[in-house]
Amino acid sequence: MFACNIDSFLENELVKIRDYFYKMMANFPNASFKKMLEERKEWLPPVYISDEVIVIPKANGPFDKQLGKSLKKGYSVFIYHKAVKEYCRTFHLDNEYECVLSMVLAHEFFHSLHRIWDERAFLQDASPRTGISMERKHQLTESLADYFAFSWLESNADGDYAKVAQHRKSLWQEYTFANWPYSAALVFVNNPNKFFEILELLKLKPAMANSSFYYRSSENS
Ligand SMILES: [Zn+2]
């Protein structure tokens with residue numbers, strides 16, 4: 001299926017994703033973020049392809065296996081390729097396997113950079129002091145990463161990338177009612193400026209990010 005092997009595909013893809021990240025995030029006028037980018041200029045997360053299959057308990061979306069993971073340790077990225085294959089099979093995207101891999105890679109890449117800048121957004125605690133629940137933090141961080149991955153796919157001239165992006169968006173719409181955390185990315189599709197606003201508020205004033213991130217099923221458009 002691969003012209004080259006999966007490792008070199010991901011390696012090449014990661015460089016392109018990083019270029020796109022720098023282009024997109026140039027529109028984020030935040031001094032500490034810019035500083036972090038400056039310091040990490042040539043940096044790429046270590047990427048591991050894992051054989052593990054991790055079932056998400058009580059999943060509320062269309063797919064119940066973890067596709068990837070970003071770790072605090074080394075900010076490395078894991079790709080669960082068996083789950084990615086199953087995702088492709090389930091949604092008839094077998095011919096777009098590489099593009100789905102790229103979506104997962106972009107999503108996890110975003111998490112890694114995001115957590116370097118704002119580790120608190122990923123702490124596994126409820127934060128009554130900051131006025132935001134774990135569940136809400138999860139929804140915010142996931143929707144940011146998923147929107148980034150969606151934008152990356154959409155920016156690609158290759159039509160297969162756009163197909164995977166549009167499919168993902170259709171899942172957001174379909175599972176809005178279930179409060180699937182990724183579905184909240186629709187907020188950014190409808191209002192791209194909100195993406196930077198939420199990113200900033202989540203770090204500086206989480207309670208405000210919480211309250212300015214209105215999202216209800218009825219807003220599904
Ligand atoms: Zn994620």
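Ser112 lies in helix α4. Helices here are DSSP runs of H or I with at least four residues, strands are DSSP runs of E with at least two, and both are numbered from the N terminus. This is a predicted model: local features need pLDDT of at least 70, side-chain atom pairs count only at pLDDT 80 or more, and totals for chains, interfaces and linings use all residues. Residues are numbered from 1 along each chain as its sequence is written.

**Around Ser112**

Ser112 is buried, because 22 other C-beta atoms lie within 10 Å. The cut-offs are these: a residue is buried with 20 or more other C-beta atoms within 10 Å of its own, exposed with 12 or fewer, and partly exposed in between, with C-beta atoms placed from the backbone. Leaving out residues up to four places away in sequence, Ser112 touches Pro45, Ser70, Tyr75 and Val77. Contact means that the C-beta atoms of two residues, placed from the backbone, lie within 7 Å. Lys72 is 40 residues from Ser112 in sequence, and the two C-alpha atoms are 7.7 Å apart in space.

Helix α4 itself covers residues 97–117. Of its 21 residues, 18 are buried, so α4 counts as mostly covered. α4 lies across β2 and β3 and runs at about 15° to β2. Axes are lines fitted to C-alpha atoms, for helices over the stretch in contact, and angles run from 0 to 180 degrees between N-to-C directions.

**The sheet**

Next comes the sheet beside this helix. Three strands form an open sheet in the order β1-β3-β2, with mixed pairing. Two strands pair if DSSP finds at least two bridges between them. The edge strands are β1 (47–50) and β2 (68–70), each pairing on one side only. From one strand to the next, the twist averages 20°.

Four bridges join β1 to strand β3 (residues 77–80), and these two run parallel. Ser50 stands opposite Tyr80 in β3. Ile49 has Ile79 of β3 as its bridge partner. On the β2 side, three bridges join β2 to β3, and the two strands run antiparallel. Gly68 also has Ile79 in β3 as its bridge partner.

**Two loops**

The hairpin of β2 and β3 has six residues between the strands. Within it, Gly74 takes a positive phi near 70°. Tyr75 lies in the loop between β2 and β3. Its phi is near 50°, a positive value in a residue other than glycine. Is Tyr75 buried or exposed? Tyr75 counts as buried, because it has 21 C-beta neighbours inside 10 Å. Tyr75 is also one of the residues that Ser112 touches.

His92 is found in the loop between α3 (81–90) and α4. Phi of His92 is near 55°, again positive in a residue other than glycine. His92 counts as exposed, because it has 9 C-beta neighbours inside 10 Å.

**Helix α5 and its partner**

Helix α5 spans residues 134–155. It is mostly covered, with 16 of its 22 residues buried. His138 lies in α5. His138 is partly exposed, because 14 other C-beta atoms lie within 10 Å. Phe21 is 117 residues from His138 in sequence and 21 Å from it in space, C-alpha to C-alpha.

The table sets the lengths of two helices beside their expected spans. The expected span is 1.5 Å times one less than the number of residues.

| Helix | Residues | Expected span | End C-alpha atoms apart |
|---|---|---|---|
| α4 | 21 residues | 30 Å | 31 Å |
| α5 | 22 residues | 32 Å | 32 Å |

For α4 the distance agrees with the expected span. For α5 it agrees as well.

Two packed helices are described by the angle between their axes and the distance between the axes. α5 and helix α6 (residues 159–174) pack at an angle of about 145°, with their axes 7 Å apart. α5 passes α6 in a left-handed crossing. A crossing is left-handed if the near helix is turned anticlockwise from the far one by less than a right angle, and right-handed if clockwise.

Which residues make the contact? From α5 come Phe150, Leu153 and Glu154. From α6 come Tyr161, Ala162, Val164, Ala165, Arg168 and Lys169. By class, the contact of α5 with α6 has six nonpolar, no polar and three charged residues. Ala, Val, Leu, Ile, Met, Phe, Trp, Tyr, Cys and Pro count as nonpolar, Asp, Glu, Lys and Arg as charged, and the others, Gly among them, as polar.
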